[in-house]
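Hello,

I am passing this structure on to you, as agreed. Please look through it first; my notes on what was found follow below.

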Amino acid sequence: DNLKLVLGIPIQTELRLVDMLEMPRASEAPEPFEVAVRTALDRRPDVEQARVGILLEQTNLDATRALRFPSISAVGNFSYIGNVPENRVFAQGVEGDPFTFTRQENDYFSDAYWGANITVGFSLQWNLFDGFQRAQQIAQRKIAVERAQIQAEQLQQQVRFEVDAALRTLRTASRQVATQRQNLRRAEVNYEHARRRFDEGVISAFEERQANDLFDQSKLGYLQ
């Protein structure tokens with residue numbers, strides 16, 4: 001379970017050893033160790049949080065640097081403005097007869113009452129002097145980026161240390177299991193030998209029970 005926590009994988013995940021675990025050397029680390037480290041670096045949320053922290057600080061630095069450049073903004077507005085009278089009735093002469101007129105009425109949305117209104121504007125802002133505040137802010141942002149990078153590197157070294165410690169513990173447990181398995185096999189052979197000798201009348205019942213107790217203790221030790 002400790003190895004699972006270090007690697008950042010669910011506790012309920014079943015692990016199965018497919019190769020021998022060797023001690024990492026300074027010049028050449030064995031593959032199982034490096035695979036475990038890569039798995040931990042890819043899965044652990046604290047490592048991912050450290051990566052995001054670096055990106056965030058770098059973004060803040062870029063945003064602070066961008067304040068040195070001018071900013072241009074544009075605004076556009078398009079609308080219709082109407083002036084519609086209550087009485088939209090008018091007289092219109094008949095073509096060819098100057099003395100005859102007809103009664104006409106414009107629609108409410110007639111072009112005679114409505115007109116387009118277009119407004120366009122531009123704005124330029126450029127802070128030419130800020131009392132060197134921007135330079136100080138950029139320096140602070142650079143320090144924050146470097147601090148985040150150092151923390152991420154330290155975390156990676158800590159992960160390697162924790163993985164190595166977990167693998168050491170796993171190797172020790174594996175050796176203990178192998179030793180207990182050997183002890184169990186010896187105790188089983190000893191008990192079978194003692195039982196045959198008891199059946200032949202060579203040893204007493206007390207000696208046969210001692211071999212049986214030793215066999216039971218070996219089985220208990222192996223199960224633990």
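The protein has five helices and four strands. Keep in mind that this is a predicted model. Read from the N terminus, the elements come in the order α-α-α-β-β-β-β-α-α. Of the 224 residues in the protein, 19% are buried. The exposed area is about 17,300 Å², and carbon and sulfur atoms supply 52% of it. As for contacts between residues at least 6 apart in sequence, 68% of them join residues at least 24 apart.

Nonpolar cores

The largest nonpolar core consists of 12 residues. Its members are Phe 33, Ala 36, Val 37, Ala 40, Leu 41, Val 47, Ala 50, Ala 152, Leu 155, Val 159, Val 163 and Leu 167. At least two residues of this core come from each of helix H2 (31-43), H3 and H4. A second core, separate from this one, has seven residues, including Tyr 191, Ala 194, Ala 211 and Phe 215.

To see how one member of the largest core is placed, take Leu 155. Apart from neighbours within four places in sequence, Leu 155 is in contact with Asp 46, Val 47 and Ala 50. Val 47 and Ala 50 are themselves listed in the largest core. Asp 46 turns up again below, among the salt bridges.

Thr 64

Thr 64 is a residue of helix H3, which covers residues 45-66. Is Thr 64 buried or exposed? Its relative accessibility is 7%, so Thr 64 counts as buried, the cut-off for buried being under 20%. A polar atom of the Thr 64 side chain lies 2.8 Å from the backbone oxygen of Asn 60. Which residues does Thr 64 touch, once neighbours within four places in sequence are left aside? They are Arg 134, Gln 137, Ile 138 and Arg 141.

Salt bridges

The count of salt bridges comes to seven. Three of the pairs are worth going through one by one, together with a network.

In helix H3, the side chains of Glu 48 and Arg 51 form a salt bridge, with 3.0 Å from N to O. Because Glu 48 and Arg 51 are three residues apart in helix H3, about one helical turn separates them. Both ends are partly exposed: Glu 48 has a relative accessible area of 40%, and Arg 51 has one of 33%.

Helix H4 runs over residues 133-199 and holds both Arg 185 and Glu 188, which are three residues apart, about one turn of the helix. Arg 185 and Glu 188 form a salt bridge, and their closest N and O atoms are 3.4 Å apart. Arg 185 has 51% relative accessibility and counts as exposed, whereas Glu 188, with a relative accessible area of 29%, is partly exposed.

Another salt bridge joins the side chains of Arg 195 and Glu 192, at 2.7 Å from N to O. Arg 195 and Glu 192 are three residues apart in helix H4, which means that about one helical turn lies between them. Arg 195 is partly exposed, with a relative accessible area of 33%. Glu 192 also counts as partly exposed, at 27% relative accessibility.

The network of salt bridges links Arg 44, Asp 46 and Glu 162. Asp 46 is the residue named earlier as a contact of Leu 155.

Nonpolar surface patch

Nonpolar side chains are also found at the surface. A patch of about 650 Å² is made by Phe 78, Tyr 80, Ile 118, Val 120 and Phe 122. Strand E1 (71-82) and strand E4 (114-125) are the elements that give two or more residues to this patch. Which of them gives the most to the nonpolar patch? E4 does, with three residues.

Phe 122 is a residue of strand E4. Why does Phe 122 count as exposed? Its relative accessibility is 68%, and the cut-off for exposed is over 50%.

For a first look at the model, one route is to start at Leu 155 and its contacts with Asp 46, Val 47 and Ala 50. From there, go on to Thr 64 in helix H3, and finish at the patch that includes Phe 122.

Regards

Note on methods. Residues are numbered from 1 along each chain as its sequence is written. This is a predicted model: local features need pLDDT of at least 70, side-chain atom pairs count only at pLDDT 80 or more; totals for chains, interfaces and linings use all residues. Side-chain values use heavy atoms; hydrogens and water are left out. Buried means under 20% relative accessible area, exposed over 50%, partly exposed in between (1.4 Å probe, protein chains only). Contact means heavy atoms within 4.5 Å. Accessible areas come from the Shrake-Rupley method with a 1.4 Å probe; for residues, only the protein chains shown count as cover. A polar contact is a pair of N or O atoms within 3.5 Å; within protein, one must be able to donate a hydrogen and the other to accept it, and residues adjacent in sequence count only if both atoms are side-chain atoms. Patches are made of residues with over 30% relative accessible area and no salt bridge: like charges are joined within 9 Å, nonpolar side chains (Val, Leu, Ile, Met, Phe, Trp, Tyr) within 5 Å. A salt bridge is a side-chain nitrogen of Lys or Arg within 4 Å of a carboxyl oxygen of Asp or Glu. A nonpolar core is a set of buried Ala, Val, Leu, Ile, Met, Phe, Trp, Tyr and Cys residues joined through side-chain atoms within 4.5 Å.
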